[in-house]
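Hello,

Here is the structure we talked about. Please open it alongside this message; my notes follow below.

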Amino acid sequence: MIILYKDKYTSFELAILIFILLNSTFSTVIINVIKNHSISEIIVSILISFILGLIYLLIIFKNYNEDLIESLKRKRITSIILITCAFIMELFFLVNSSLIFKDILLPSIDNKIIILVFLLAAFFLASKGLKSLVISSNLLFIIYLLIILISFSFNILNVDPINLLPIEFKINKLPFMSIFLSTISPLLFLLIIPKNKILNFNDYKNKVKKTYVIFYIYLFTKILFIISILGIKYLSIIKYPEITILKSINIFNFFERLEELLIINIFIENFILVSLALLYIITLTKNIINFKFTNYLVLLLIFILSISFNNISLTLFYISNIIFIIVNLFNYKRKYRS
(Lines give C-alpha, C1' and ligand atoms only; values in the text may rest on other atoms or scores of the structure.)
Protein backbone atom coordinates (compact mmCIF):
# COMPACT_ATOMS: atom_id res chain seq x y z
CA MET A 1 0.00 0.00 0.00
CA ILE A 2 1.39 3.39 -1.06
CA ILE A 3 0.70 6.25 1.36
CA LEU A 4 0.84 9.79 -0.06
CA TYR A 5 2.01 12.61 2.20
CA LYS A 6 0.99 16.15 1.36
CA ASP A 7 4.12 17.94 2.57
CA LYS A 8 6.63 15.11 2.79
CA TYR A 9 8.43 12.98 0.21
CA THR A 10 8.82 9.24 0.57
CA SER A 11 11.99 7.51 -0.54
CA PHE A 12 10.00 5.25 -2.87
CA GLU A 13 8.31 8.03 -4.84
CA LEU A 14 11.59 9.94 -5.14
CA ALA A 15 13.39 6.78 -6.29
CA ILE A 16 10.94 6.45 -9.19
CA LEU A 17 11.50 10.08 -10.16
CA ILE A 18 15.26 9.56 -9.96
CA PHE A 19 15.11 6.55 -12.29
CA ILE A 20 13.26 8.65 -14.88
CA LEU A 21 15.77 11.50 -14.49
CA LEU A 22 18.72 9.14 -14.92
CA ASN A 23 17.23 7.91 -18.18
CA SER A 24 16.24 11.35 -19.43
CA THR A 25 19.48 12.10 -21.31
CA PHE A 26 19.79 8.75 -23.06
CA SER A 27 18.08 9.81 -26.31
CA THR A 28 19.61 13.29 -26.44
CA VAL A 29 23.15 12.62 -25.20
CA ILE A 30 24.24 9.11 -24.22
CA ILE A 31 23.17 7.21 -27.34
CA ASN A 32 25.02 9.76 -29.48
CA VAL A 33 28.28 9.88 -27.50
CA ILE A 34 28.72 6.11 -27.63
CA LYS A 35 28.55 6.09 -31.43
CA ASN A 36 31.84 5.37 -33.18
CA HIS A 37 33.17 3.65 -30.09
CA SER A 38 33.98 -0.03 -29.73
CA ILE A 39 31.99 -2.24 -27.38
CA SER A 40 34.95 -2.53 -25.01
CA GLU A 41 35.24 1.28 -24.87
CA ILE A 42 31.51 1.56 -24.14
CA ILE A 43 31.63 -1.07 -21.38
CA VAL A 44 34.67 0.49 -19.67
CA SER A 45 33.11 3.97 -19.96
CA ILE A 46 29.86 2.81 -18.34
CA LEU A 47 31.83 1.20 -15.50
CA ILE A 48 33.98 4.29 -14.84
CA SER A 49 30.96 6.59 -15.06
CA PHE A 50 29.10 4.40 -12.56
CA ILE A 51 31.97 4.54 -10.06
CA LEU A 52 32.41 8.32 -10.41
CA GLY A 53 28.67 8.89 -10.01
CA LEU A 54 28.43 6.67 -6.94
CA ILE A 55 31.35 8.45 -5.26
CA TYR A 56 29.80 11.83 -6.07
CA LEU A 57 26.42 10.82 -4.64
CA LEU A 58 28.07 9.57 -1.44
CA ILE A 59 29.79 12.93 -0.98
CA ILE A 60 26.58 14.86 -1.68
CA PHE A 61 24.64 12.76 0.84
CA LYS A 62 27.36 13.24 3.44
CA ASN A 63 27.02 17.01 3.16
CA TYR A 64 23.23 17.14 2.58
CA ASN A 65 22.52 18.97 5.84
CA GLU A 66 20.69 22.20 5.25
CA ASP A 67 17.92 23.68 3.14
CA LEU A 68 19.49 24.65 -0.21
CA ILE A 69 17.06 27.54 -0.73
CA GLU A 70 17.75 28.97 2.71
CA SER A 71 21.51 28.60 2.33
CA LEU A 72 21.48 30.34 -1.07
CA LYS A 73 19.84 33.44 0.40
CA ARG A 74 23.28 34.24 1.75
CA LYS A 75 25.03 33.30 -1.52
CA ARG A 76 23.80 35.45 -4.41
CA ILE A 77 26.74 34.70 -6.70
CA THR A 78 26.34 30.96 -6.14
CA SER A 79 22.61 31.29 -6.88
CA ILE A 80 23.29 33.11 -10.16
CA ILE A 81 25.82 30.46 -11.23
CA LEU A 82 23.39 27.62 -10.46
CA ILE A 83 20.53 29.40 -12.26
CA THR A 84 22.71 30.04 -15.32
CA CYS A 85 23.82 26.39 -15.50
CA ALA A 86 20.24 25.17 -15.04
CA PHE A 87 19.13 27.62 -17.72
CA ILE A 88 21.60 26.21 -20.25
CA MET A 89 20.59 22.64 -19.41
CA GLU A 90 16.91 23.56 -19.68
CA LEU A 91 17.43 25.04 -23.15
CA PHE A 92 19.44 21.99 -24.24
CA PHE A 93 16.77 19.52 -23.10
CA LEU A 94 13.93 21.61 -24.51
CA VAL A 95 15.45 22.20 -27.96
CA ASN A 96 16.76 18.65 -28.45
CA SER A 97 13.61 16.88 -27.25
CA SER A 98 11.45 19.08 -29.50
CA LEU A 99 13.66 18.11 -32.47
CA ILE A 100 13.05 14.43 -31.73
CA PHE A 101 9.29 14.96 -31.63
CA LYS A 102 9.43 16.90 -34.88
CA ASP A 103 11.55 14.32 -36.70
CA ILE A 104 9.52 11.30 -35.60
CA LEU A 105 5.95 12.49 -35.09
CA LEU A 106 5.41 16.03 -36.34
CA PRO A 107 7.57 16.71 -39.42
CA SER A 108 5.11 19.25 -40.83
CA ILE A 109 4.83 21.29 -37.63
CA ASP A 110 7.09 24.29 -37.01
CA ASN A 111 9.58 23.51 -34.27
CA LYS A 112 8.73 26.80 -32.51
CA ILE A 113 5.17 25.59 -32.00
CA ILE A 114 6.37 22.26 -30.60
CA ILE A 115 8.68 24.09 -28.18
CA LEU A 116 5.88 26.43 -27.11
CA VAL A 117 3.38 23.63 -26.43
CA PHE A 118 5.97 21.49 -24.66
CA LEU A 119 7.20 24.40 -22.56
CA LEU A 120 3.68 25.49 -21.58
CA ALA A 121 2.83 21.94 -20.49
CA ALA A 122 6.04 21.79 -18.44
CA PHE A 123 5.30 25.22 -16.95
CA PHE A 124 1.82 24.09 -15.94
CA LEU A 125 3.23 21.09 -14.09
CA ALA A 126 6.06 23.12 -12.52
CA SER A 127 3.57 25.74 -11.30
CA LYS A 128 1.75 23.03 -9.33
CA GLY A 129 4.84 22.50 -7.20
CA LEU A 130 7.41 19.77 -6.67
CA LYS A 131 5.03 17.44 -4.88
CA SER A 132 2.66 17.40 -7.87
CA LEU A 133 5.62 16.82 -10.18
CA VAL A 134 6.75 13.85 -8.10
CA ILE A 135 3.25 12.35 -8.07
CA SER A 136 2.93 12.87 -11.85
CA SER A 137 6.25 11.11 -12.47
CA ASN A 138 5.07 8.15 -10.36
CA LEU A 139 1.80 7.88 -12.28
CA LEU A 140 3.53 8.17 -15.67
CA PHE A 141 6.07 5.55 -14.58
CA ILE A 142 3.40 2.83 -14.96
CA ILE A 143 3.12 3.63 -18.68
CA TYR A 144 6.88 4.11 -18.88
CA LEU A 145 7.60 0.65 -17.46
CA LEU A 146 5.02 -1.01 -19.70
CA ILE A 147 6.63 0.43 -22.83
CA ILE A 148 10.07 -0.73 -21.68
CA LEU A 149 8.71 -4.26 -21.27
CA ILE A 150 7.09 -4.16 -24.73
CA SER A 151 10.29 -2.85 -26.29
CA PHE A 152 12.41 -5.65 -24.83
CA SER A 153 9.90 -8.50 -25.02
CA PHE A 154 8.87 -8.11 -28.64
CA ASN A 155 12.36 -7.36 -29.87
CA ILE A 156 14.02 -10.37 -28.31
CA LEU A 157 13.74 -12.39 -31.55
CA ASN A 158 15.64 -9.67 -33.41
CA VAL A 159 18.69 -10.02 -31.17
CA ASP A 160 21.72 -11.42 -32.96
CA PRO A 161 24.76 -12.02 -30.68
CA ILE A 162 27.01 -11.91 -33.75
CA ASN A 163 26.40 -8.15 -33.90
CA LEU A 164 28.38 -7.84 -30.66
CA LEU A 165 31.44 -9.31 -32.34
CA PRO A 166 34.30 -8.79 -32.73
CA ILE A 167 34.97 -7.37 -29.27
CA GLU A 168 38.19 -5.40 -29.59
CA PHE A 169 40.13 -4.83 -26.39
CA LYS A 170 42.06 -1.92 -27.85
CA ILE A 171 40.91 1.29 -26.16
CA ASN A 172 41.55 4.66 -27.82
CA LYS A 173 39.01 7.02 -26.31
CA LEU A 174 36.56 6.65 -23.43
CA PRO A 175 33.35 8.74 -23.33
CA PHE A 176 32.83 8.07 -19.62
CA MET A 177 32.84 11.77 -18.68
CA SER A 178 29.95 12.50 -21.05
CA ILE A 179 27.91 9.67 -19.51
CA PHE A 180 28.77 10.79 -15.96
CA LEU A 181 27.90 14.45 -16.58
CA SER A 182 24.62 13.77 -18.34
CA THR A 183 23.33 11.28 -15.75
CA ILE A 184 24.34 13.03 -12.52
CA SER A 185 23.35 16.61 -13.37
CA PRO A 186 19.55 16.07 -13.54
CA LEU A 187 19.59 14.50 -10.05
CA LEU A 188 20.99 17.71 -8.56
CA PHE A 189 17.73 19.55 -9.27
CA LEU A 190 16.27 17.52 -6.39
CA LEU A 191 18.56 19.27 -3.92
CA ILE A 192 15.87 21.96 -3.63
CA ILE A 193 14.05 19.47 -1.38
CA PRO A 194 14.92 20.29 2.25
CA LYS A 195 16.29 17.30 4.13
CA ASN A 196 13.52 17.56 6.75
CA LYS A 197 10.90 17.16 4.01
CA ILE A 198 12.13 13.64 3.20
CA LEU A 199 10.64 10.88 5.32
CA ASN A 200 13.40 8.66 6.69
CA PHE A 201 16.44 10.24 5.06
CA ASN A 202 18.64 7.18 5.64
CA ASP A 203 16.16 5.02 3.75
CA TYR A 204 16.14 7.64 0.99
CA LYS A 205 19.94 7.45 0.69
CA ASN A 206 19.79 3.66 0.41
CA LYS A 207 17.05 3.76 -2.20
CA VAL A 208 18.91 6.32 -4.29
CA LYS A 209 22.00 4.09 -4.30
CA LYS A 210 19.92 1.04 -5.26
CA THR A 211 18.11 3.01 -7.97
CA TYR A 212 21.46 4.21 -9.29
CA VAL A 213 22.76 0.64 -9.48
CA ILE A 214 19.55 -0.59 -11.14
CA PHE A 215 19.76 2.23 -13.68
CA TYR A 216 23.32 1.35 -14.67
CA ILE A 217 22.41 -2.31 -15.05
CA TYR A 218 19.49 -1.20 -17.21
CA LEU A 219 21.73 1.21 -19.18
CA PHE A 220 24.32 -1.49 -19.81
CA THR A 221 21.62 -3.98 -20.87
CA LYS A 222 19.84 -1.45 -23.06
CA ILE A 223 22.97 -0.42 -24.95
CA LEU A 224 24.07 -4.01 -25.57
CA PHE A 225 20.50 -4.86 -26.56
CA ILE A 226 20.43 -2.10 -29.19
CA ILE A 227 23.88 -3.03 -30.51
CA SER A 228 22.94 -6.74 -30.70
CA ILE A 229 20.02 -5.79 -32.94
CA LEU A 230 21.58 -3.07 -35.10
CA GLY A 231 25.30 -3.81 -34.98
CA ILE A 232 27.95 -1.30 -33.93
CA LYS A 233 28.51 0.05 -37.47
CA TYR A 234 24.83 0.61 -38.24
CA LEU A 235 24.40 2.20 -34.82
CA SER A 236 26.96 4.87 -35.71
CA ILE A 237 25.15 6.09 -38.84
CA ILE A 238 21.49 6.24 -37.80
CA LYS A 239 20.01 9.23 -36.00
CA TYR A 240 17.71 7.49 -33.52
CA PRO A 241 18.95 3.93 -32.87
CA GLU A 242 16.56 3.12 -30.01
CA ILE A 243 13.58 4.13 -32.14
CA THR A 244 14.89 2.25 -35.17
CA ILE A 245 14.87 -1.10 -33.35
CA LEU A 246 11.09 -0.82 -32.87
CA LYS A 247 10.44 -0.57 -36.61
CA SER A 248 10.87 -4.31 -36.98
CA ILE A 249 8.42 -5.24 -34.22
CA ASN A 250 5.34 -7.08 -35.36
CA ILE A 251 2.83 -8.02 -32.64
CA PHE A 252 0.66 -10.89 -33.88
CA ASN A 253 0.58 -9.31 -37.37
CA PHE A 254 -1.66 -6.60 -35.95
CA PHE A 255 0.57 -3.88 -34.55
CA GLU A 256 3.51 -3.01 -36.76
CA ARG A 257 6.12 -0.25 -36.81
CA LEU A 258 5.83 0.67 -33.16
CA GLU A 259 8.66 3.21 -33.15
CA GLU A 260 6.11 5.91 -32.27
CA LEU A 261 5.41 4.00 -29.06
CA LEU A 262 8.87 4.74 -27.71
CA ILE A 263 8.26 8.44 -28.25
CA ILE A 264 5.88 8.25 -25.29
CA ASN A 265 8.78 7.23 -23.04
CA ILE A 266 11.07 9.89 -24.49
CA PHE A 267 8.28 12.41 -23.90
CA ILE A 268 7.83 11.28 -20.28
CA GLU A 269 11.57 11.49 -19.59
CA ASN A 270 12.01 14.91 -21.13
CA PHE A 271 8.72 16.31 -19.88
CA ILE A 272 9.57 15.48 -16.27
CA LEU A 273 13.14 16.74 -16.68
CA VAL A 274 12.15 20.03 -18.37
CA SER A 275 9.43 20.60 -15.75
CA LEU A 276 11.83 19.95 -12.87
CA ALA A 277 14.57 22.16 -14.35
CA LEU A 278 12.01 24.92 -14.88
CA LEU A 279 10.80 24.61 -11.29
CA TYR A 280 14.42 24.71 -10.08
CA ILE A 281 15.13 27.89 -12.06
CA ILE A 282 11.95 29.62 -10.88
CA THR A 283 12.56 28.64 -7.25
CA LEU A 284 16.15 29.94 -7.20
CA THR A 285 15.23 33.08 -9.15
CA LYS A 286 12.49 33.93 -6.62
CA ASN A 287 15.11 33.50 -3.93
CA ILE A 288 17.00 36.47 -5.43
CA ILE A 289 14.28 38.65 -6.94
CA ASN A 290 10.68 37.85 -6.19
CA PHE A 291 7.89 39.87 -7.72
CA LYS A 292 4.44 39.05 -8.98
CA PHE A 293 5.40 37.91 -12.48
CA THR A 294 8.71 36.12 -11.83
CA ASN A 295 7.30 32.80 -13.13
CA TYR A 296 6.14 34.32 -16.40
CA LEU A 297 9.34 36.30 -16.89
CA VAL A 298 11.38 33.10 -16.62
CA LEU A 299 8.98 31.30 -18.96
CA LEU A 300 9.16 34.07 -21.57
CA LEU A 301 12.95 34.25 -21.42
CA ILE A 302 13.33 30.48 -21.84
CA PHE A 303 10.93 30.47 -24.80
CA ILE A 304 12.65 33.37 -26.57
CA LEU A 305 16.09 31.81 -26.14
CA SER A 306 14.94 28.30 -27.10
CA ILE A 307 13.45 29.43 -30.44
CA SER A 308 16.54 31.54 -31.15
CA PHE A 309 18.81 28.49 -31.48
CA ASN A 310 18.52 25.56 -33.87
CA ASN A 311 20.59 23.58 -31.40
CA ILE A 312 22.50 24.07 -28.18
CA SER A 313 26.19 23.24 -28.30
CA LEU A 314 27.03 19.95 -26.61
CA THR A 315 30.28 21.54 -25.42
CA LEU A 316 28.32 24.35 -23.72
CA PHE A 317 26.05 21.71 -22.18
CA TYR A 318 29.05 19.82 -20.77
CA ILE A 319 30.68 22.99 -19.41
CA SER A 320 27.48 24.03 -17.63
CA ASN A 321 27.13 20.52 -16.20
CA ILE A 322 30.70 20.54 -14.90
CA ILE A 323 30.19 23.90 -13.19
CA PHE A 324 26.81 22.78 -11.85
CA ILE A 325 28.28 19.59 -10.39
CA ILE A 326 31.28 21.34 -8.81
CA VAL A 327 29.28 24.20 -7.29
CA ASN A 328 26.76 21.79 -5.76
CA LEU A 329 29.58 19.65 -4.41
CA PHE A 330 31.03 22.50 -2.34
CA ASN A 331 27.85 24.41 -1.57
CA TYR A 332 26.79 22.63 1.63
CA LYS A 333 28.25 23.32 5.03
CA ARG A 334 30.02 20.38 6.65
CA LYS A 335 29.48 21.07 10.32
CA TYR A 336 26.72 18.47 10.68
CA ARG A 337 26.77 14.82 9.85
CA SER A 338 23.79 12.68 8.79
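The protein has 14 helices and two strands. Keep in mind that this is a predicted model.

Overall form first. The C-alpha trace covers about 60 × 45 × 45 Å along the principal axes of the protein. The radius of gyration is 20 Å. A compact globule of 338 residues would come out near 20 Å, so the protein agrees with that expectation. Of the 338 residues, 54% are buried. Among contacts with a separation of 6 or more, 86% join residues that are 24 or more positions apart.

Next, surface and charge. About 15900 Å² of the protein is exposed, and carbon and sulfur atoms supply 68% of that area. There are 31 positive side chains and 17 negative ones. The centres of these two sets are 12 Å apart.

Now for some individual residues. Two of them are buried, in helices; two are exposed, in loops.

Ser97

Ser97 sits in helix α5, which runs over residues 76–104. Is Ser97 buried or exposed? Its relative accessible area is 0%, and buried means under 20%, so Ser97 is buried. The side chain of Ser97 reaches back to the backbone oxygen of Leu94, at 3.2 Å. Beyond residues up to four places away in sequence, Ser97 touches Thr28, Phe118 and Asn270.

Glu242

Glu242 belongs to helix α11, residues 241–244. This residue carries a charge that counts as negative. Even so, Glu242 has a relative accessible area of 6%. That is under the 20% cut-off, so Glu242 is buried. Which side chain does the side chain of Glu242 meet in a polar contact? The partner is Lys222, at 3.4 Å. Lys222 also appears in the contact list of Glu242, which leaves aside neighbours within four places in sequence. The other residues on that list are Phe26, Ser27, Ile226, Leu262 and Ile266.

Asn36

Asn36 lies in the loop between α2 (26–33) and α3 (39–62). With a relative accessible area of 66%, Asn36 is over the 50% cut-off, so Asn36 counts as exposed. Its phi is near 65°, a positive value in a residue other than glycine. How far apart in space are Asn36 and Ser178? From C-alpha to C-alpha the distance is 14 Å, while 142 residues separate Asn36 and Ser178 in sequence.

Asn200

Asn200 is in the loop between α8 (176–184) and α9 (201–230). Here too phi is positive in a residue other than glycine: for Asn200 the value is near 55°. The relative accessibility of Asn200 is 52%. Exposed means over 50%, so Asn200 is exposed as well.

To look at these places yourself, start with the side chains of Glu242 and Lys222. Then turn to Ser97 and the backbone oxygen of Leu94. Finish with the two loop residues, Asn36 and Asn200.

Best wishes

Conventions
Residues numbered from 1 in each chain as written. Predicted model: local features only at pLDDT ≥ 70, side-chain atom pairs only at ≥ 80, totals over all residues. Heavy atoms only, no water. Helix = DSSP H or I, 4+ residues; strand = E, 2+ residues; numbered from the N terminus. Rg over C-alpha atoms; globule rule 2.2 N^0.38 Å. Buried < 20%, exposed > 50% of the residue type's maximum accessible area, 1.4 Å probe, protein only. Contact = heavy atoms within 4.5 Å. Areas by Shrake-Rupley, 256 points an atom, 1.4 Å probe, with all protein chains shown as cover. Charge placed at Lys NZ, Arg CZ, Asp CG, Glu CD. Polar contact = N/O pair within 3.5 Å; in protein donor to acceptor, adjacent residues only side chain to side chain.
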